Amino acid sequence: MSPRPGFVMEVDRSTPPTLFMHGEGFRLQSLPVGSRIVYPPEALPTVADIDGAIRSALVDPVDSEPLSALLFPGMRLTIAFDDVSLPLPPMRRPDVRQRVIEAVLDLAAAAGVDDVHLIAALALHRRMTEAELRHAVGDRVYDAFAPRGQLYNFDAEDPDALTFVGETDQGEEVEISKRAAESDLLVYVNINLVAMDGGHKSTATGLASYRSLRHHHNVRTLQRSRSFMDQHRSELHSSNWRMGKVLRDAGVKIFQIETTLNNDTFPPPFDFLQKREWEWSARDRATFVASSKALDRAPNRVRRSVFHAVRAPHDLTGVAAGDVEAVHRLTTARVYDQQLVAVEGQTDVLTLGLPYICPYNVNSVMNPILVMSTALGYFFNLYRGRPLVREGGVLIVSHPTPWEFHPVHHPSYIDFFEQVLSETTDPLEVEKTYEQAYAEDEWYRHLYRTSYAYHGVHPFYMWYWGAHALQHLGAVIVVGGDTRAVRRLGFKPASTLRDALEMASDTVGRDPSITHFHAPPLMMADVT
Amino acid sequence: MIAEVLAGRRLFVTGSTGFLGTALVERLLRSVPECELVLLVRPGRRSSAAQRVRREILRNDAFDRLRERLGEGFATETDRRIQVVAGDVSLDGLGLDDEGRQALASCDVAIHAAASVAFDSPLDRAVEVNLLGPARIAEALQSVGSTAHLVSVSTCYVAGNRRGRAPEILVSDTPFSPAVGWREEVEAARRRRADVEAESRTPPLLARFAKAARAELGAAGVPLLATKAEKLRDAWVADTMVEAGRARARALGWPDAYAYTKALGEQALLDVRGDVPVTIVRPSIIESALAEPRPGWIRGFRMAEPVIITYAQGLLREFPGIPEGVVDVIPVDLVVAAVVDAAARGPADPSDPPAIVQVASGSTNPLHYRHLVDLVHGWFSRNPLYDTKGQPIVVPRWSFPGRGRVQAQLERAVKTIDRAEKALSALPLRGTSARWSADLEEHRAAAARALVYVELYGAYAETEAIFGVDELLDRWSTLDAADRERFCFHPAVIDWDAYVTEVHLPSVVEHARVRSTPGTRSGPSRTERLRARVLSADRHLAAFDLENTLIASNVVESYSWLATRRLPPGDRVRLALRALAEGPSLLALDRKDRGDFLRHFYRRFEGAPVDQLDEDAVQLLSHLLLAKSFPAGFRRVREHRRLGHRTVLITGALDLIVERNLGPLFDDIVCARMGVTEEGRYTGELLAAPPTGEARAQAMADYAEAEGLRLEEAVAYADSASDLPMLEAVGFPVAVNPETRLASIAHKRGWLVEQWSKSPGGPRPLLPIGPMTRRTSFAEAGRGRHGAAR
C-alpha cells in the first residue's frame, strides 16, 4: 500500500482530541468544531539498497564527471559534512553521512589520494563532541582521521584557517574555510531535512565566517525571505546562490552529495506520535496515557534525557551527487514529495505544538530563544506561496518554555536573554544596538573555539529567524509556558488552549478560522 | 518675675547636649531674653566643643521656634549670649583651662544637668560622671572663689526600691539609707576596673576571645582575627563592669547603677560643697514635651521609647509591671521650668541645708500602669506600624506577669536561638539558606533586646514609691500668673490621655523612623542601590574569587576530574568516590586554614606529566568551569570590563586550570603556581604562598599598587569568611552566595549580597569524572612510580 498523502481535516463533533507536542511531553487538546488540522504525508518508502544507491550516484552524477574521474594521486581532497543540527532527531546508526563518506573514501583510496581532510561544516554552531562526530561519521572513519588531525570541527574564528574568496556583485564578502577553498576538490555531504537546506547554502554558509554570514543572516534579508523554505522566494537563498557563483568563479570545485530522508520520525514506543489520532490502537492509547503520566511526574532533567535519547528511524529516500545546482533541484523535488500538503486559504489563528528539539539543542536544552526561533522561524516558515496564517493573525504555540539554558552550549544566549531582550524585542533595534558587541566578544569567541558554545552572535540569528513572522503576526500566545520567560520574549502567556483562543479574539475577532499544523513529522504547507 | 530675676545673669550649664540640657538652653534663650549662658561641653573626637554646640544643640529642632522668631538674627543672638568652654565633668577640675575657669568664675548660677543616663553604664563610668560629677562642680566653683548657686539635677529614684511615700528629703535622712561611704565606693569601682582589665588579659580569657573570633569569622587570617579578639575583650570588660554596677546597686537597694550613683552623688555633693549654696532638683522619668518648645518634642531614643517601639513591632509579647502601680512620668518642659525656677529663686541662706525639689506626677496626678498600657495598646491598634511587606502589625495584650517569669521566658528564647545559630553555622550552608542565619541573628537580637529592656526597665514599671512634691507645690504657690503661664511645672496640668495619645506616641513613632504607612516601598530597592554603586563608572578595579563565587566547584573536583580522565572505568568511580568521601575532613582543614589546605591537597599532583595535564585541563573549561558556572557572575565580570574597570581573578586554584581557560574573561589572573621538574612533571609543591586569606588581600593590594589603582574605589567579590581580608580591604565588598558567617557579616555591615546560581539547564554529573580517553592517568601512573597518590 503506498503511503497516504498529507491532508486537511475539518474538526467535527466526532473528532477525537488532537495531539499537541509540548516540549518534552505532549498534550491532547480539543479544537473547536470547524477548525482545520493539517496532517503530514506518511513516510515515503526508502531506498532498498542504500549503499548501492550511494555508489551509483557517485558513479553517475548529474551534470558532472564521475567522482572517480575527479580524484588523482597527490591531490588535496576535503570532505565537508553537515553538523549535529541535522537530521532531527538524530538518526539511528549508521548515519547516512557515514555511509556517504565511507563510499567517497573508498573511491579516494582507490585513486591513491592521501591528503584528505574531513570538516564538520558548522559555521557558527557549537563544535561537535567526540561522541557526536563518531555518531555522524562512524568509528572507523573517526579513528582513522581524528588522531592525525584530519577530522575536525570548522573554526570560523581562526584567522589562519580562513580565506577571502571575493565579493558578489552586491558587495557581499565571501570568506570560507581555507582548506576547503584551496583543495583540488571539495566534496560536500549533506542531509536535506527541510527545503531550506542544501544547494549553495551548504558551503557558502556551512564553511563561512561571520564576515560572510552577516550579509544574509540579518533582519533585512530574513524579512524578505518569504519563506526561507522556498528558495525561489527567499532572499537568504539568493544571497547564498550569489556567493556560490563567486566560489565557482574563483575556481573552488565542489562535488555536492545531497541526501533526503523520509519523515519516519519516532521509533516505538513513541511511534503513535506520528499516527492520526483516530487510528490509534488500544496499545497506542495505553502508551500515551502511561508515558504522559510518567513524564508529567518526572523532573525536567529526566524528561529531557528520555527524549534526547530518541534515535529516529528515518532513512534514505534518495541521493544525488554532482553539480550543486542540478543536484539541489532533484533534492528539493524529493523534499517536496515527502513534505508538501496542499492547504486552501489562510487562517486567522494558527496553532502549533512545539517539540522538544530544534537544530540548535541536540543533546541540550530548548531555551526560550530557541522556542521563539522554532515557532516563528522554522514552523511559521514551513509554507510555500502564502503563510498559513493571514497577516495580522494570531500564532498560538504550545510549549513549556522553561527559563533554562545550557551553560556550556548557549552562554551568549543567557546574556542575550538577560541583557538584550530585557531592553527590546524589536529585531532591527536588537541588530543595530547589540549585534556587533556580541559578535566580536573575546570571551564568546574563546568559548566557541575551545569549548562547545554557539558563537556569540548566534542568539541574534535566532531572533532574526523569526523577524518575518514578527512582522506578519498580530499576536503570539504561548500555552503552558513559564510566564516570566514568555513575557520576556514579548509574547503572551496562557495557561490553556481555551484561554489562548479567548485571548486571540482580541486580535482576530469572536469567530476566527483556526488551523492546527500537526507537526512533527515535518511537512510544508502549500497554501493557495 | 523669673525672667526679670535672671536678666543680666550668667548661667553655667553642663549636659547641654543631652535631652534635658538642650531643652533648658532653648528655654533660657527664648524665655529669659537677657541672660547669658556658659556651656561646658566635652570636645568630640573629631570636633571642638564649639562645633558640637552648633551641630548638636543649636541645629536641633527644639530651636525651630526661636530661629523662626529671630530669623537672620538667630546666629548673632546665640553667638552673643552663649560662651562655650571645653571641659569634662568626669575629670577633676572639670578639665577647664584658665579661660574656662574665668568663665566659670563669672557665672552667678551653675546648673548641673550632665549625667550618664544609660541604666546599663559600666560601674566606673557611672561613678565618675554621676557620683563625682556634682561634687566636682562644687569643688571647681570653690577653686575659682565662686559661691554661685548650684542647681544639681538628680533623680527621684535615688529613693531606691521602696514602697510608699518618698518625700523631698536627703537620702541619708531616710530610715532605709544604706550606710556606705561614697569615697570607698569610688575607690572600689576604680579598683574593680583595674581588676577586670587585668583579668581580661589572662591566658584562658584571651584564648576564649580568640576562639570566639574564629567562630565568628572563620579562617579570616591573623590580623583580622586579632582585631576581632581585641574587640571581644573590650566588650567583655564593658559587660563585666555593667554587671558589676548592677550587682552593687541591687546589693544596696537601688534598681540600677544609675540610681545608685546618683544617690551617692547627692551625698558627695553635700560633703564637699563648702560655701556653695545648693538646690537639688529630682525629676522622675522625663519624657517628651507637653507644650514647650512644642508638644511632643523629644531628643534621643531613651527609656520608654525603645520599649514602646519594640512593643509596637510586636516583639514584646509580655512585659512585667504592677497594673495598679504608678508609672511616674514627667514631661521635659515641666522639669525645665522647675530648674529655671530654682535657678531664679536662689538659696535662701547659704548655710541652710540644701533645698530638694522633686518634679514628679505620681502623688498629684498619678498615671496607673494599666491605664498607660491600655492607652498604648489602643493607640497602636488604631495606628499600627507596618512590617516589611506593608502589612499592619498586631500588638499583643500584656497579662502583667511577674518580672521573673518574663525574664526566664526571654532567657530561654535567647538560649534556644543561640543553640540553633551554632547548629546552623556548623552546616555548610550557602545562598538563600545562609540567610536563615542572618534572620535568626535578627530574632536573637530582638529577643536579647527585649530581655535587656525587661532587666533594665522592669523595675521602673514595678516601682511602688510615691514621690512627694510638697516643696514643688510650695514654690508653685508663690508664682504670679505670668510665671505660671511661662514656666509651668505643676504636674496636675497633664491630661494623661491626651498626652499619651496625641503628644507622646506620635512623636515617638516619628522619631523611631519606623514604617507607619501601609503598602510596599517604591523606587529602587537597597540591593539595586548598592549594585548601582558597585557598577558605577567611578570604580576602577573589580577583583573576583573563583570557587563558589563564579563557579559551583572546587579544587577537589577539578583534581578528581583530571585524575580520573585516563583511568579504567572501575578505578574512575573508585577514585572519584574516594575524593568525595574525604570531603568532610578536607572541608575541616579548609576551614582552619585555606593556605595549608591547598598546600596539602596540591601534593597529589606530584609526578603528573605537564603536557598531559595541560591537554586535559583545556577540557575542564567545558566539563567543569562552564557547566558549573554562575552565568550572572561571568556576566558581572564582563560588565565591569565594559565599564572600563580592571578585572582580576584572585584564586587559590592552579594556573594550569584557570589561566588558559578563563584568561579571556579577565584582565589579569593571580593564582597558585606549581613547580615543574626537569623531566616535565609537576612537583606538587607551590612556587609561592597561594593567594588565600590575608595573602589574598596582600596580593590585591600589591596588584592595585602596581597598577596605580586605589582600593577604596575597588570592588571585591567573594563567598566565604576566609575572604574577609580581601573584602575588608576594598571600598565596595560584595558577598556572593555567602556561607552562614559571611552572610551575617554582610548583613550587619550593609554589603551588597548577590545570589548567583547555576543555569538550571546545565548538565549535572553525579561524580566529577572526566570523560574517558585511552591513555593512562597520572594518578594511576603516579601510584606505581612515586607511591604518591593517596
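This passage walks through a predicted model of a complex, beginning with the confidence values and then taking chain A and chain B in turn.

The predictor assigns the complex an ipTM of 0.91 and a pTM of 0.76. For chain B, the mean pLDDT is 82, and 91% of the residues reach 70 or more. One stretch of chain B to read with care is residues 780-790, where the pLDDT is below 50. Beyond near neighbours in sequence, this stretch has 17 contacts in the model.

Chain A is a good place to start looking. Its fold contains 21 helices and 20 strands, and the C-alpha trace spans about 70 × 55 × 45 Å along its principal axes. A compact globule of 528 residues would have a radius of gyration near 24 Å, and the 22 Å of chain A agrees with this. Of the 528 residues in chain A, 57% are buried. The contacts of chain A also reach far along the sequence: among those between residues at least 6 apart, 80% join residues at least 24 apart.

Within chain A, three strands make up an open sheet with parallel pairing, in the order β13-β20-β15. Its edges are formed by β13 (340-343) and β15 (383-385) of chain A, each of which pairs on one side only. On average, neighbouring strands of this sheet are turned by 30° against each other, direction ignored. Strand β13(A) runs parallel to β20 (residues 524-527) of chain A, and four bridges join the two. To find this pairing in the structure, one can look for Val341(A), which stands opposite Ala525(A) in β20(A).

Chain B offers an open sheet of seven strands, again with parallel pairing, in the order β3-β2-β1-β4-β5-β7-β10. Here the edge strands are β3 (82-86) and β10 (355-359) of chain B, each pairing on one side only. From one strand to the next, the twist averages 20°. Towards the β10(B) edge, strand β7 (residues 278-283) of chain B runs parallel to β10(B) and is joined to it by five bridges. In this pair, Arg282(B) stands opposite Gln358(B) in β10(B).

Two helices that pack on this sheet are worth following next. Helix α2 (residues 19-31) of chain B touches β1 (10-14), β2 (36-41), β4 (109-112) and β5 (149-153) of chain B, and its direction makes about 165° with that of β1(B). Helix α7 (residues 123-143) of chain B touches β1, β4 and β5 of chain B; the direction of α7(B) makes about 165° with that of β4(B).

Another helix of chain B, α10, covers residues 222-252. At 1.5 Å a residue, its 31 residues should span 45 Å, and the end C-alpha atoms of α10(B) are indeed 45 Å apart, so the expected and modelled lengths agree. Buried residues occur along α10(B), among them Leu224(B), Leu225(B), Leu232(B), Met241(B) and Val242(B). The buried set of α10(B) also includes arginines, namely Arg233(B), Arg246(B) and Arg248(B). What covers these buried residues includes α7, already met on the sheet, together with α8 (182-200), α9 (203-217), α11 (257-272) and α29 (724-729) of chain B. Just after α10(B) comes Gly253(B), which takes a positive phi of about 100°.

Definitions and conventions
Residues numbered from 1 in each chain as written. Chains lettered and ligands numbered in written order. Predicted model: local features only at pLDDT ≥ 70, side-chain atom pairs only at ≥ 80, totals over all residues. Pairing = 2+ DSSP bridges. Axes fitted to C-alpha atoms, helices over the stretch in contact; angles between N-to-C directions. Contact = placed C-beta atoms within 7 Å. pLDDT = per-residue confidence, 0-100. Expected span 1.5 Å × (residues − 1). Buried ≥ 20, exposed ≤ 12 C-beta atoms within 10 Å, placed from the backbone. Rg over C-alpha atoms; globule rule 2.2 N^0.38 Å.
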